[in-house]
Amino acid sequence: MTTPRLLRATCPDCGVTRGETHTQTCLTVECLHTGMPRASCHSEHAPPLDHDCGNATWDGRWPGHDECRDFGWHITWDPATEAWVRCNSDVPGSGPDLGRLREQAIWNSQNRTWRQRRAVLYGRPRSGGRATTEGAAAHLRGWCTRRGLIVVAEYGTAGHAELCWQAVLEDLRAAHADVVAVHAVDALGPTPQQVSARARAVEALGAVIVGPGVRFDRAGLVTGTTAA
Ligand SMILES: [Zn+2]
Ligand SMILES: [Zn+2]
């Protein structure tokens, strides 16, 4: 069940009413292309503009606030450490973590909303037996959660490795997932050849491989693995 949302009659920055187009100088309005504040597209530090930011209307909602609440991505001031800390959205006095939203979520310009990225987990059975394999999978799930990923499927800790890998690719093809998460590069396969072949297969589907022990070069190729 969705909690009813309060709509605000006017834009808190430029003051236009619902359904009206924000002014050109409004600081609240989002860029329809990126979902970021439109002002950031035009800041002197921004790269040359390569898109049309559009002219969004005020729809009664602060851009991104509902999503932060739905995802449980809020921040609150912690007097003990004198810093902003992440918290759930039901904490009284907390506010939306828009920085996290913009870093970790995906903007959908069609319906002007953000959604969490979805991950499919993949890992071969590890030497050390079931406990090691399970431990690695649990660690990876935690890593995904901290990065705002929703784990939609998990393959490979049991069962036939190649069939599991095909299931990963099928999820990417069907757009059920955006990224493949592995605990380390060698989880992709026992040989460097297989690792690069699988990395290329993922890239060819427009997805990426992420994980605590995964590093890429600037071309998006896996370059190595580091300790998690
Ligand atoms: Zn405005
Ligand atoms: Zn823009």
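Here are legends for a handful of close-up views of this predicted model.

Residues are numbered from 1 along each chain as its sequence is written, while chains are lettered from A and ligands numbered from 1 in the order in which they are written. Because this is a predicted model, local features need pLDDT of at least 70 and side-chain atom pairs count only at pLDDT 80 or more, but totals for chains, interfaces and linings use all residues.

**View 1. The whole chain, with its six helices and 11 strands.**
Helices (H or I, at least four residues) and strands (E, at least two) are DSSP runs, numbered from the N terminus. Of the 228 residues here, 25% are buried. A residue counts as buried if 20 or more other C-beta atoms lie within 10 Å of its own, exposed if 12 or fewer, and partly exposed in between, with C-beta atoms placed from the backbone. Contacts link residues whose C-beta atoms, placed from the backbone, lie within 7 Å. Take the contacts with a separation of 6 or more: 53% of them join residues 24 or more positions apart.

**View 2. A little open sheet with three strands.**
Read across, the order is E2-E1-E3, and the pairing is antiparallel. Strands E2 (83–87) and E3 (95–96) sit at the edges, each pairing on one side only. Two strands pair if DSSP finds at least two bridges between them; E1 (residues 74–78) and E2 have five. One to look for is Asp78, whose bridge partner in E2 is Ala83.

**View 3. The largest nonpolar core, with 23 residues.**
In soluble globular proteins, nonpolar side chains tend to be buried together. A nonpolar core here is a set of buried Ala, Val, Leu, Ile, Met, Phe, Trp, Tyr and Cys residues joined through C-beta atoms within 7 Å. Residues with the most contacts inside this one are Ala119, Val120, Leu121, Tyr122, Val180, Ala181 and Val182. E6 (118–122), H4 (129–146), H5 (161–173), E8 (179–181) and H6 (192–204) each chip in at least two residues, and E6 gives the largest share, four. Apart from this core lies another, of seven residues, including Cys68, Trp73, Leu101 and Trp107.

**View 4. Tyr122 and its contacts.**
Which residues does Tyr122 contact, leaving aside neighbours within four places in sequence? They are Tyr155, Gly156, Cys164, Trp165, Val168, Val180, Val182 and Ala187.

**View 5. Helix H4, from its buried side to its exposed one.**
H4 has 18 residues and spans 26 Å from first C-alpha to last, close to the expected 26 Å, which is 1.5 Å times one less than its number of residues. Its buried residues are Ala136, Leu140 and Cys144. Looking down the axis, these fall within an arc of 75°, so they line one face of the helix; the arc is that of the directions from the helix axis to the C-beta atoms. They pack against E6, E7 and E8. Turned away from that side are the exposed residues Arg130, Ala131, Ala138, Gly142, Thr145 and Arg146.

**View 6. Gly148, just after H4.**
Gly148 is in the loop between H4 and E7 (150–155), and has a positive phi, near 75°. Is Gly148 buried or partly exposed? It is partly exposed, because 18 other C-beta atoms lie within 10 Å. Leaving aside neighbours within four places in sequence, Gly148 contacts Arg100, Gln104, Ala105, Gln116 and Arg117. Gly148 and Leu101 are 47 residues apart along the chain, yet their C-alpha atoms are separated by 8.6 Å.

Conventions:
Contact = placed C-beta atoms within 7 Å.
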